[in-house]
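Visitor: Hey, got a minute to walk me through this one? I'd like to talk about a few side chains and then the metals.

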Amino acid sequence: MDKLSNNINSKEIFDFCEGYKDFISQNKTERECVISIREMAKKEGYQDLKEIIKSGSMLKAGDKIYATNLDKCIFLFKIGNRPISDGMRILGAHIDSPRLDLKPNPLYEESASKIALLDTHYYGGIKHYQWTALPLAIHGIVCKKDGSTIHLNIGEKEQDPVFCITDLLPHLDRNRSKAAEDKIVGENLNVIIGGIPADSKNDEYDAKILHLLKDYSIKKSSLVKENILNILKDYNIDPEDFISAEIEIVPAGRARDMGLDRSFVLGYGQDDRICAYTSLKAIFDAKTDDYTIAGMFVDKEEVGSQGASGMQSLFFEDMIAEIAALIGETSPLALRRALRNSYMLSSDVTAGFDPNYAAAFDVNNDAYLGRGISFNKYTGSRGKSGANDASPEYIAKLRDLLDKEGIKYQLTEMGKIDQGGGGTIAYITANYGMNVIDCGCPLLNMHAPWEISSKADIYEAYKCYKAFLTLKSE
Ligand code: MN
Ligand code: MN
């Protein structure tokens with residue numbers, strides 16, 4: 001029997017997952033993740049690398065530091081007793097998730113319906129139709145010219161309004177044989193934001209509704225849009241402020257237990273906050289002072305890891321250079337050796353075998369929910385194109401460690417050959433010559449507004465990451 005449920009302390013697992021559900025419910029954007037991770041790290045005694053550099057003090061074994069880039073990615077480091085040129089133990093997860101971003105000029109009023117909408121541009125690989133007909137929330141920031149920032153979070157509290165993208169009723173959708181994905185395209189993903197016109201004479205709510213009913217053929221246009229702009233003024237947002245904003249439309253509501261036996265978590269953004277949270281907890285709880293530990297929580301993975309806050313940025317390398325200098329390893333070679341001699345788990349989710357779509361999977365080589373953490377030697381598509389291909393020597397070392405620690409794991413692929421594919425950040429850090437392998441929880445509904453994970457796998461991921469941080473080189 002492969003299932004974990006026979007030999008687990010389920011209370012420990014379930015308790016751990018309560019913290020996880022809180023984390024993914026409260027942190028639905030990369031910025032929200034960075035703020036939370038930074039606060040959690042500070043409580044664990046982590047200090048800002050920027051402040052240390054400014055103060056002119058040095059670092060020593062046991063010191064814990066964090067470095068933030070553009071408030072959208074954050075790295076944690078715990079200095080080990082060994083020289084950093086011996087390499088690090090690195091856990092890397094991404095904290096961006098598929099969603100709908102607002103366009104720079106998002107607000108408009110449709111003339112026939114007099115409904116105000118927000119125009120979006122989707123981020124990451126989504127099936128467009130999945131984002132219709134469900135409650136949505138608005139998260140993000142608006143940057144004002146005076147340097148101030150407004151944080152938005154509307155739709156999560158019980159009393160908050162929510163938002164929605166429409167889908168056509170089945171009665172008028174005769175052509176349903178056409179794939180859903182063809183009918184709802186990116187440009188259709190417009191979020192309804194309001195339906196009451198502004199009335200300069202009367203501000204009372206009921207009067208506005210009467211005004212709407214009475215004057216539906218009203219001459220003056222865009223009164224509904226005008227009313228929304230008036231409401232936005234209460235948030236100190238002017239219409240032109242949208243051009244310096246990052247506003248994300250995400251599914252509204254908390255992550256929840258799923259199944260009568262509560263074996264699963266249903267929640268938004270589990271790719272890849274499931275690995276971010278378990279990595280973070282592992283870093284906090286790991287009892288090792290041997291090698292330097294690094295935690296990477298990066299942005300932009302869902303769109304190719306480009307940009308200053310993505311894994312392709314030189315920011316990580318720069319931070320290692322800063323740390324090497326602060327511990328007195330000032331030779332440029334120390335940095336190269338630190339990177340080359342490192343071992344890393346690219347902590348990212350993989351596709352779980354879906355009983356409803358069995359034909360897309362290889363029963364012998366795909367990941368199953370509830371059977372522990374999943375390792376992908378390679379990802380990619382069309383003949384492993386774009387894959388980091390982890391070395392079998394490294395995998396053997398990991399097998400030895402995980403078997404000794406009694407951690408359940410599976411070696412998997414992602415679906416049948418040429419069915420599709422995907423990438424992670426593994427190939428980027430592999431460029432340094434370090435050993436890296438993809439390793440994370442299998443999900444169902446990956447990239448859908450509500451993704452499914454197994455609680456047993458979440459806890460096994462945490463245990464695996466914690467054990468990995470103690471990995472020896474020889
Ligand atoms: Mn991912
Ligand atoms: Mn993804």
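Visitor: Let's start with Ser473: what kind of contact joins the side chains of Ser473 and Tyr291?
Guide: A polar contact, at 3.2 Å. Keep in mind that this is a predicted model.

Visitor: Okay. What about Ser473 and Arg89, what distance does their side-chain polar contact have?
Guide: That polar contact between the side chains of Ser473 and Arg89 is 3.0 Å.

Visitor: Which residues does Ser473 touch, leaving out those up to four places away in sequence?
Guide: Ser473 touches Arg89, Tyr291, Tyr343 and Lys397.

Visitor: Where is Ser473 found in the chain, and is it buried or exposed?
Guide: Ser473 is in the segment after helix H12 (455-468). With a relative accessible area of 16%, Ser473 counts as buried, because the cut-off for that is under 20%.

Visitor: How far apart are the C-alpha atoms of Ser473 and Gly87?
Guide: They're separated by 9.1 Å, though Ser473 and Gly87 are 386 residues apart along the chain.

Visitor: Switching to metals. Which protein atoms are donors to the manganese ion (ligand 1)?
Guide: His94 gives NE2, Asp271 gives an OD, and Asp348 is listed twice with OD, all lying 2.2 to 2.6 Å from the manganese ion (ligand 1). In sequence, those donor residues are spaced H-x176-D-x76-D.

Visitor: Where do His94 and Asp271 sit?
Guide: His94 is in strand S4 (residues 88-94) and Asp271 is in helix H7 (residues 270-285). The pair links distant parts of the chain, 177 residues apart. Both His94 and Asp271 are buried.

Visitor: And the manganese ion (ligand 2), what are its protein donors?
Guide: For the manganese ion (ligand 2) they are Asp271 (OD), Glu302 (OE), listed twice, and His447 (NE2), at 2.0 to 2.6 Å. Along the chain, the spacing reads D-x30-E-x144-H.

Visitor: Why does the pair Glu302 and His447 tie together parts that are far apart in sequence?
Guide: Glu302 lies in the loop between strand S13 (292-298) and helix H8 (315-326), while His447 lies in the loop between strand S19 (442-443) and strand S20 (451-454), so the pair ties together parts 145 residues apart in sequence. Glu302 and His447 are both buried.

Visitor: Which residue bridges the manganese ion (ligand 1) and the manganese ion (ligand 2)?
Guide: Asp271 does, and the two ions lie 3.4 Å apart.

Key
Residues are numbered from 1 along each chain as its sequence is written. Chains are lettered from A and ligands numbered from 1 in the order in which they are written. This is a predicted model: local features need pLDDT of at least 70, side-chain atom pairs count only at pLDDT 80 or more; totals for chains, interfaces and linings use all residues. Side-chain values use heavy atoms; hydrogens and water are left out. Donors are N, O and S atoms within 2.8 Å of the metal (3.2 Å for Na, K and Ca); water is not among the atoms, so sites may look incomplete. Helices (H or I, at least four residues) and strands (E, at least two) are DSSP runs, numbered from the N terminus. Buried means under 20% relative accessible area, exposed over 50%, partly exposed in between (1.4 Å probe, protein chains only). Contact means heavy atoms within 4.5 Å. A polar contact is a pair of N or O atoms within 3.5 Å; within protein, one must be able to donate a hydrogen and the other to accept it, and residues adjacent in sequence count only if both atoms are side-chain atoms.
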